[in-house]
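Trainee: I'd like a close look at one part of this model, please, rather than a tour of everything. Pick a stretch of the chain where strand pairing matters, and show me what surrounds it.

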Amino acid sequence: MRLRLSTLLVLLNLTALSAPFVAFYFLKTYDSGLVRQTERELLAQSAAIGAAFRDALNEQGIGTDYGTPSERFEPSFLASNPGIWLPEEANLSLSDTPILPPSEPQRSNVRADPIAFSAGQQFSPFLRGIQMKTLAGLRVLDYQGIVVSSTGFDVGSDLSGREEVSEALRGQTGRALRSRDHMEEKPDLASISRSNRFRVHVAYPIIREDRVVGVVYSIRTPKTAVKDLYEKNNLLFVVGGIFSLVIGLAMLASLSLSLPIRALVRQAENVIRGNQKGLQPLKHPITKDFEILSNTMSELANTLARRAGQIKSFASSISHEFKTPITSISGAVSILQDHEGELSVEQRQQFLHNISEDVTRMNQLINQLLMLTRADVVKSPAASSDLAAAIQRATKRYEPNFEGIHAYFSRKGALVDMPEELLDSVIINLFHNAMLYGGDKLEISVHILNKQVEMIFSDNGDGIAAENREKIFKPFYTTGESRGGTGLGLPIVATLLKNHGGNIELLESTGGATFRLIFARAAKASIVEAQGSEQCNGVRAEALTP
């Protein structure tokens, strides 16, 4: 099933318009992935630092009651599951994690735990060494939330008011996204600095048995999607992919319009040069509109070619039909001019009579040619006519020429989809054809067949030989030329019926000729049942069983 051109263009435009939204969603998802990657790195670093600081506290000789109780697990759980694995999953996301404002460290009157402070002072060089490799901001807090070791200059600050730190002091890993307190001039992509507008904060509790003995608080700015793609040499690939998509959509739109048009133009040029007889439907029209256009143009071109052949044949037939009477007239005039004194009055009258008959025949040919042309070219406006009334009019006109005309109607008032003037031409031509070939009795029956009206027209004339049955509807074919036949009557009938949704065919008959005519029934036909039998204008109308 092919799409309409309008549908294809709408889809292409929607795809092009959706590209920025898709790119935005991609970058947003990619950024969230980088945030979780940074979170995982901080968790791993914090776990290692926390284990090292716990060992440092153990070396200080802390007791079992050192620190604050952990709310993460019941003591019985840890006691019954020694050495259990407790992996920490990264769960920060830009879609559902709020970005908190920056928070300045607060100075407090509460002094740091002496044991933790002592261990922390020895731990600071270790943190700075890690920072040199990871670029993360690292702090170790005691179980009160006071900084005891830092890569910065905030030892002694109280961070217990921060949500993530507060959560870690209860034994749960705290995580947060916080805006940067200041933004330097945006670094270029090749710099080691990261230009993101927020940082990942992870507060990792240091747990000894079932008590929180400290917190590792690490901070790192995550990479942006653009910087990460640049570092992986994928930025040009992504940008190139977007441009390729846009260019591909533009080319698809262009080709969907230009290819079918160029194919039609090539066919037309081949027809003009004589390399091709006619237009053919396109094999790959791409869209439904071009498929319709291709089929229509092909049908139009073939119709014109067929019509040209018909005109050529028609012109040859007209030439032949007119040449005979013209030659006869020319010969008669020549004899009258050359032998005027030698001819008797009777001979001159005979020649003049012959000229008059030839002129009459030529005039009849012209009139019927005009009627045939009109029937073949012009489709009359929608109009309905009463078939029974048309038969009555023809009967009244030709009744003196026939011994009997019998018309039967299954129902009266059979309206057909044809103007009255043209319907009269159909009936009159049938009457004239029967009379021309020796018929003096007619049998006509009319039946209503749902959306059609059928008329059977029979005469008792000479009939039609088997070898001529296929030729009688061709223009100028006649076996009654000596009786004044032009060979145009039946072609006129066939053409009029065809142009108004009907047809005519010759039926088998034992004597004379029998035709079956089908008319398109008028859409608003008024059907009046015929009652008994009645005589109207010489037509015997008898009710038949429907």
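Mentor: Happy to. One definition comes before the rest: two strands are taken as paired if DSSP finds at least two bridges between them. Please also keep in mind that this is a predicted model.

A little background helps to set the scene. The chain has 546 residues, and 40% of them count as buried. Its secondary structure comes to 11 helices and 18 strands. Among contacts with a separation of 6 or more, 71% link residues that are 24 or more positions apart.

The part I would pick is strand 14, residues 452–459. Is strand 14 enclosed by the structure or open? Buried here means under 20% relative accessible area. Of the 8 residues in strand 14, 7 are buried, so the strand is largely enclosed by the rest of the structure.

Now for the partners of strand 14. One of them is strand 13, residues 441–449, which pairs with strand 14 in the antiparallel sense over 8 bridges. If you want a pair of residues to find on screen, look for Glu 443, which stands opposite Ser 458 of strand 14. Another pair joins the two strands at Val 446, whose bridge partner in strand 14 is Met 455. Strand 14 also pairs with strand 16, residues 513–520, and here again 8 bridges join the two strands, which run antiparallel. In that pairing, Val 453 has Phe 519 of strand 16 as its bridge partner.

Go back to Val 446 for a moment, since this residue takes us one strand further. Strand 13 pairs with strand 11, residues 404–409, but in the parallel sense and over 6 bridges. In that pairing, Phe 409 stands opposite Val 446. So you can step across three strands from this one residue: Phe 409 sits opposite Val 446 on the strand 11 side, and Met 455 is the bridge partner of Val 446 in strand 14. If you carry on through strand 14, the pairing with strand 16 is the next step.

The turn that links strand 13 to strand 14 deserves its own look. The two strands form a hairpin with 2 residues between them, and Asn 450 in that hairpin takes a positive phi near 55 degrees. Asn 450 is not a glycine, which is worth noting when you see a positive value there. You will find Asn 450 in the loop between strand 13 and strand 14. Its accessibility contrasts with that of strand 14: the relative value for Asn 450 is 64%, so it counts as exposed, whereas 7 of the 8 residues of strand 14 are buried.

Before we stop, let me show you the helices that lie on either side of these strands in sequence. Helix 10 covers residues 420–436 and helix 11 covers residues 489–499, and the two pack at an angle of about 150 degrees with their axes 9 Å apart. Angles over 145 degrees count as roughly antiparallel, and helix 10 and helix 11 are therefore roughly antiparallel to each other. Their crossing is left-handed. The residues of this contact divide into 7 nonpolar, 4 polar and no charged. From helix 10, Leu 422, Ser 425, Val 426, Asn 429, Leu 430 and Asn 433 take part, and they meet Gly 489, Leu 490, Ile 492, Val 493 and Leu 496 of helix 11.

Helix 11 shares the enclosed character of our strand: 9 of its 11 residues are buried, so helix 11 is largely enclosed by the rest of the structure. Among the buried residues of helix 11 are Pro 491, Ala 494, Thr 495 and Leu 497. After helix 11 comes Gly 501, which has a positive phi near 80 degrees.

To return to your request, here is the picture to keep. Strand 14 is bridged antiparallel to strand 13 and also antiparallel to strand 16, while strand 13 has a parallel pairing with strand 11. At the hairpin between strand 13 and strand 14, Asn 450 brings its positive phi and counts as exposed.

Notes
Residues numbered from 1 in each chain as written. Predicted model: local features only at pLDDT ≥ 70, side-chain atom pairs only at ≥ 80, totals over all residues. Heavy atoms only, no water. Buried < 20%, exposed > 50% of the residue type's maximum accessible area, 1.4 Å probe, protein only. Helix = DSSP H or I, 4+ residues; strand = E, 2+ residues; numbered from the N terminus. Axes fitted to C-alpha atoms, helices over the stretch in contact; angles between N-to-C directions. Parallel < 35°, antiparallel > 145°, perpendicular 65-115°, else oblique. Left-handed = near helix turned anticlockwise from the far one by under 90°. Contact = heavy atoms within 4.5 Å. Nonpolar A, V, L, I, M, F, W, Y, C, P; charged D, E, K, R; others polar.
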